[in-house]
Amino acid sequence: DDPRRFGFAYPPASKTVLQQTEAALGFALPPSLRALYAEVANGGFGRVAGIQGVLEGYGRRGDSIYANSDDTIVAHYLWRREERTVPLANFAGQWSQYDNVLVPAGTWPEKLLPLCDLGCVQHACISSDEQMYMVAPSQDDAAYVLVRLAISFEIWLSGWVRDEYKVVYYGSHAQEV
């Protein structure tokens, strides 16, 4: 966070690391996200907790205050989908007027990658088609709220790193402020 600092703490991910990441996930990274990891940095930059890295990047095992913690997007995705995954298309017709849907605990949308911890148990996520979502707790422990943000990854990233906007969750809906 020092303004005199140049560059990133984590160098770009190699082609091999990106291939290993995609093999571990079982699908290809969204193209813009893959380019970010390959050409800019392997996570560890941006607001709040920063973009999580892929394998060998920001959040890797031993890189946390918790010795055995793995906070890469790979570990988060595999942990969240542990019980079962469902296609995002399964939620068609269920979105509320606030563009959110309740998702049962133990279920995770396929190919939805937790990208950045936003604090307060909220996570920014990216889908394979580069649509941005936010995951937030619901009032019921048996579910969580998946909020569809009306922006692409590139627009989200651009505004997010410049602190141009914040998405805040208010019980029943997300709101840009």
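## Strands and their partners

Two strands count as paired when DSSP finds at least two bridges between them. Keep that in mind while looking at this predicted model, where tyrosine 133 has arginine 148 in β7 as its bridge partner. Right beside that match, methionine 134 has valine 147 in β7 as its bridge partner. Both matches belong to the β6/β7 pairing: β6 covers residues 131-137, β7 covers residues 143-152, and six bridges hold the two in the antiparallel sense. The link from β6 to β7 is a hairpin, with five residues making the connection.

What does β7 do with β2? The two run antiparallel and are joined by five bridges. For a concrete spot to click on, try valine 101, which stands opposite leucine 146 in β7. With these partners around, β7 is mostly covered, and seven of its ten residues are buried.

## The whole sheet

Zoom out and you get an open sheet of five strands, ordered β2-β7-β6-β5-β4, with antiparallel pairing. Which strands sit at the edges? They are β2 (100-104) and β4 (113-119), each of which pairs on one side only. Going from one strand to the next, the twist averages 30°.

Helix α4 (residues 153-161) packs on this sheet and touches β4, β5 (122-126), β6 and β7. The direction of α4 makes about 90° with that of β7.

## Helix α4 up close

Which residues of α4 are buried? The list is Phe153, Trp156, Leu157, Gly159 and Trp160. Those buried residues pack against β4, β5, β6 and β7, and against helix α2 as well. After α4 comes aspartate 163, which has a positive phi, near 55°.

## Aromatic pairs

How many aromatic pairs does the structure hold? There are four. One of them brings together phenylalanine 27 and tyrosine 77: the ring centres are 5.3 Å apart and the planes meet at 80°, so this pair is edge-to-face. Phenylalanine 27 comes from the loop between α1 and α2, whereas tyrosine 77 belongs to helix α3 (residues 73-80), so the pair ties together parts that are 50 residues apart in sequence. Are these two buried or exposed? Phenylalanine 27 and tyrosine 77 are both buried.

Another aromatic pair, phenylalanine 153 with tryptophan 156, is stacked, at 6.4 Å centre to centre and 25° between the planes. These two are three residues apart in helix α4, so about one helical turn separates them. Phenylalanine 153 and tryptophan 156 are both buried too.

## How α1 meets α2

Two packed helices are described by the angle between their axes and by the distance between those axes. For α1 (residues 15-25) and α2 (residues 31-39), the angle is about 145° and the axes are 10 Å apart. The crossing of α1 past α2 is right-handed.

Which residues make the contact? On the α1 side they are Leu18, Gln19 and Glu22, and they meet Arg34, Tyr37 and Ala38 in α2. By type, that contact splits into three nonpolar residues, two charged and one polar. Helix α2 also ties back to the earlier section, being one of the elements that the buried residues of α4 pack against.

Key:
Residues are numbered from 1 along each chain as its sequence is written. This is a predicted model: local features need pLDDT of at least 70, side-chain atom pairs count only at pLDDT 80 or more; totals for chains, interfaces and linings use all residues. Side-chain values use heavy atoms; hydrogens and water are left out. Axes are lines fitted to C-alpha atoms, for helices over the stretch in contact, and angles run from 0 to 180 degrees between N-to-C directions. Helices (H or I, at least four residues) and strands (E, at least two) are DSSP runs, numbered from the N terminus. A crossing is left-handed if the near helix is turned anticlockwise from the far one by less than a right angle, and right-handed if clockwise. Contact means heavy atoms within 4.5 Å. Ala, Val, Leu, Ile, Met, Phe, Trp, Tyr, Cys and Pro count as nonpolar, Asp, Glu, Lys and Arg as charged, and the others, Gly among them, as polar. Buried means under 20% relative accessible area, exposed over 50%, partly exposed in between (1.4 Å probe, protein chains only). Rings of Phe, Tyr and Trp (its six-membered ring) pair if their centres lie within 6.5 Å; planes under 30 degrees apart count as stacked, over 60 as edge-to-face and the rest as tilted.
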